[in-house]
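Student: I would like a close look at a single part of this model, followed by an account of how it sits in the rest.

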Amino acid sequence: QIAVEAFQHLPDLQLLVLGDGPLMEPLKALAQRLGLRNVEFRGFVGGTERFEILRHAKLLVLPSRVYENFSVSVLEAYAMGKPVVASRIGAIAEMVEEGVTGLLFEPGQSADLARKIRQLVEQPERVIELGRAARAHFERHFTADTNYRQLMDIYDFARRRRESRRNRGVKIASSDI
């Protein structure tokens, strides 16, 4: 609802709404009631088509109003080198580094979301800069190689800890030796 309302203030920009669920019909009705011709609902889009849409997008808008543990949408945007404009809420606010990989807006505040989107699209070089930082963040923290190294570090830590505990248990304390 917040993104649809925000695009009242952004008539020159296009919003593609991806995903499906019980809120889809009320969102379509809201867009129609507001007379928005710049909002398109695509429903569920999976696989390569979703990444193709993201590749052509300027940025990802994530207007979540719920606390999420880890947003795959943010990760997908970063993988495609796209900045994210997201709600300043929960783990999303930790994933999106303000002014580095995207911008944060106050949850539920469509006018604040519209301001943040406008701020970015009026500075195309900034969108590119944030997108590059998002991609770099993805490469540093989320590639298969990075995850493999992190997993091996965890195993190595566990092995060293087990060996350390085992070695501490082999103490001989006797005055008769």
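Student: Which polar atom lies 2.8 Å from the backbone nitrogen of glutamate 106, and to which side chain does it belong?

Tutor: The model is a predicted one. The atom in question is a polar atom of the side chain of aspartate 112, placed 2.8 Å from the backbone nitrogen of glutamate 106. Aspartate 112 is part of helix α6, which covers residues 110-121. Its relative accessible area is 12%, and because the cut-off for buried is under 20%, aspartate 112 counts as buried. Setting aside neighbours within four places in sequence, the contacts of aspartate 112 are Phe105 and Glu106. Phe105 falls within strand β5, residues 102-105, so this part can be followed into the sheet.

That sheet is open and has 3 strands, in the order β3-β4-β5, with parallel pairing. The edge positions go to β3 and β5, each of which has a single partner strand, so one side of each lacks a neighbour in the sheet. On average, neighbouring strands here are turned by 15 degrees against each other, direction ignored. Between β4 and β5, which run parallel, there are 4 bridges; alanine 86 has leucine 104 of β5 as its bridge partner, and valine 85 stands opposite leucine 103 in that strand. The chain gets from β4 to β5 through α5, in a right-handed β-α-β crossover. On the other side of β4, 3 bridges join it to β3, again in parallel, and valine 61 is paired by a bridge with valine 85 of β4. A right-handed β-α-β unit is also made by β3, α4 and β4.

Helix α4 spans residues 72-79, and 6 of its 8 residues are buried, so the rest of the structure largely encloses it. The buried ones are Val74, Leu75, Glu76, Ala77, Tyr78 and Ala79. They pack against α3 (47-56), α5 (90-95) and α7 (124-141), and also against the strands β3 and β4. Just after α4, glycine 81 adopts a positive phi of about 70 degrees.

The helix that holds aspartate 112 also matters for the nonpolar interior in terms of numbers. The largest nonpolar core contains 28 residues, and those with the most contacts inside it are Val4, Phe7, Val39, Phe41, Leu113 and Ile117. At least two residues of this core come from each of α1, β1, α2, β2, β5, α6 and α7, and α6 gives the most, with 5 residues. Apart from this core lies another, of 16 residues, including Leu54, Val74, Leu75 and Ala79; Val74, Leu75 and Ala79 are among the buried residues of α4. As for valine 39, leaving out its neighbours within four places in sequence, its contacts are Val4, Phe7, Gln14, Leu15 and Val17.

To return to the starting point, aspartate 112 is a buried residue of helix α6, and a polar atom of its side chain lies 2.8 Å from the backbone nitrogen of glutamate 106.

Definitions and conventions
Residues are numbered from 1 along each chain as its sequence is written. This is a predicted model: local features need pLDDT of at least 70, side-chain atom pairs count only at pLDDT 80 or more; totals for chains, interfaces and linings use all residues. Side-chain values use heavy atoms; hydrogens and water are left out. Buried means under 20% relative accessible area, exposed over 50%, partly exposed in between (1.4 Å probe, protein chains only). Contact means heavy atoms within 4.5 Å. Two strands pair if DSSP finds at least two bridges between them. Axes are lines fitted to C-alpha atoms, for helices over the stretch in contact, and angles run from 0 to 180 degrees between N-to-C directions. A crossover is right-handed if, with the strands pointing away from the viewer, the path from the first strand over the helix to the second runs clockwise. A nonpolar core is a set of buried Ala, Val, Leu, Ile, Met, Phe, Trp, Tyr and Cys residues joined through side-chain atoms within 4.5 Å. A polar contact is a pair of N or O atoms within 3.5 Å; within protein, one must be able to donate a hydrogen and the other to accept it, and residues adjacent in sequence count only if both atoms are side-chain atoms.
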